[in-house]
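This report goes through a single protein model, starting from its interior and moving on to individual side-chain contacts. Please keep the sequence at hand while reading.

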Amino acid sequence: MNAQQNELLHAVELALDEKWDAAHQIVQQYEDGTAAWIHAVLHKIEGDLGNARYWYHRANQMKHVSDEPRAELAVIQAELTVG
């Protein structure tokens, strides 16, 4: 696992702990891929669905736009752990 994956995994753990601002600070350092997906979930949690959709589109993860956030974060966490 590289440094970026470690940071993104930490962001997911923070989000699952309801420390959304700290998680957001981490993912803002990155622009695409898994970081954008996490970013989308964080905006969904805060109720900013327009911004969430933007980040889902950037992450190519529009299929997850209606997913429950905690379950979605668990999926991302599993992908980061395996990847």
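The text below covers the core, the helix α1, the salt bridges and a few single residues of this predicted model.

**The nonpolar core**

The largest nonpolar core has 26 residues. Those that touch the most other members are Leu-8, Val-12, Ile-38, Tyr-56, Ile-76 and Leu-80. Two or more core residues come from each of α1 (3-16), α2 (20-27), α3 (33-45), α4 (49-59) and α5 (69-82). In soluble globular proteins, nonpolar side chains tend to be buried together.

Which residues does Leu-80 contact beyond its neighbours within four places in sequence? They are Met-1, Gln-5, Leu-8, Leu-9, Val-12, Thr-34 and Ile-38. Leu-8, Val-12 and Ile-38, in contact with Leu-80, are also listed with Leu-80 among the core residues that touch the most other members.

**Helix α1 and what follows it**

Helix α1 consists of 14 residues, and the distance from its first C-alpha to its last is 20 Å. This is close to the 20 Å expected at 1.5 Å a residue. At the N-terminal end, Asn-2 acts as a cap: a side-chain oxygen of Asn-2 lies 3.0 Å from the backbone nitrogen of Gln-4.

The buried residues of α1 are Gln-5, Leu-8, Leu-9, Ala-11, Val-12, Leu-14, Ala-15 and Leu-16. An α-helix has 3.6 residues a turn, so residues three or four places apart point the same way. The cover over the buried residues of α1 includes α2, α3 and α5. Leu-80 is in contact with Gln-5, Leu-8, Leu-9 and Val-12, which are on the list of buried α1 residues.

After α1 comes Glu-18, with a positive phi near 65°. Glu-18 is not a glycine, and its place is the loop between α1 and α2. Its relative accessible area is 51%, so Glu-18 counts as exposed. A positive phi is also found at Asn-60, about 60°, and Asn-60 is not a glycine either. Asn-60 lies in the loop between α4 and α5 and is exposed, at 64% relative accessibility.

**Salt bridges**

How many salt bridges does the structure hold? There are two, and they are set out in the table.

| Pair | Closest N to O distance |
|---|---|
| Glu-31 and Arg-58 | 3.3 Å |
| Lys-44 and Glu-72 | 2.6 Å |

The salt bridge between Glu-31 and Arg-58 links distant parts of the chain, 27 residues apart: Glu-31 is in the loop between α2 and α3, and Arg-58 is in helix α4. Glu-31 is partly exposed, with a relative accessible area of 45%. Arg-58 is partly exposed as well, at 32%.

The side chains of Lys-44 and Glu-72 meet in the other salt bridge. This pair also links distant parts of the chain, with Lys-44 in helix α3 and Glu-72 in helix α5, 28 residues apart. Lys-44 has a relative accessible area of 12%, so this residue counts as buried. Glu-72 is buried too, with a relative accessible area of 1%.

**His-64 and its contacts**

Is His-64 buried or exposed? His-64 is buried, because its relative accessibility is 14% and the cut-off for buried is under 20%. This residue is found in the loop between α4 and α5. A polar contact of 2.5 Å joins its side chain to that of Asp-67. Leaving out residues up to four places away in sequence, His-64 touches Trp-37, Lys-44, Tyr-56 and Glu-72. Lys-44 and Glu-72 are the partners of the 2.6 Å salt bridge, and Tyr-56 is one of the core residues named above.

**Arg-70**

Arg-70 is in helix α5 and is partly exposed, at 43% relative accessibility. Apart from residues up to four places away in sequence, Arg-70 touches Leu-16 and Glu-18. The C-alpha atoms of Arg-70 and Glu-31 are separated by 22 Å, and the two residues are 39 residues apart along the chain.

**An aromatic pair**

A pair of aromatic rings is described by the distance of the centres and the angle of the planes. The count for this model is one aromatic pair. Tyr-54 and Trp-55 form this pair, which is edge-to-face, with 5.1 Å centre to centre and 85° between the planes. Tyr-54 is partly exposed at 43% relative accessibility, whereas Trp-55 is buried at 10%.

How values were computed. Residues are numbered from 1 along each chain as its sequence is written. This is a predicted model: local features need pLDDT of at least 70, side-chain atom pairs count only at pLDDT 80 or more; totals for chains, interfaces and linings use all residues. Side-chain values use heavy atoms; hydrogens and water are left out. A nonpolar core is a set of buried Ala, Val, Leu, Ile, Met, Phe, Trp, Tyr and Cys residues joined through side-chain atoms within 4.5 Å. Buried means under 20% relative accessible area, exposed over 50%, partly exposed in between (1.4 Å probe, protein chains only). Helices (H or I, at least four residues) and strands (E, at least two) are DSSP runs, numbered from the N terminus. Contact means heavy atoms within 4.5 Å. The expected span of a helix is 1.5 Å times one less than its number of residues. A polar contact is a pair of N or O atoms within 3.5 Å; within protein, one must be able to donate a hydrogen and the other to accept it, and residues adjacent in sequence count only if both atoms are side-chain atoms. A salt bridge is a side-chain nitrogen of Lys or Arg within 4 Å of a carboxyl oxygen of Asp or Glu. Rings of Phe, Tyr and Trp (its six-membered ring) pair if their centres lie within 6.5 Å; planes under 30 degrees apart count as stacked, over 60 as edge-to-face and the rest as tilted.
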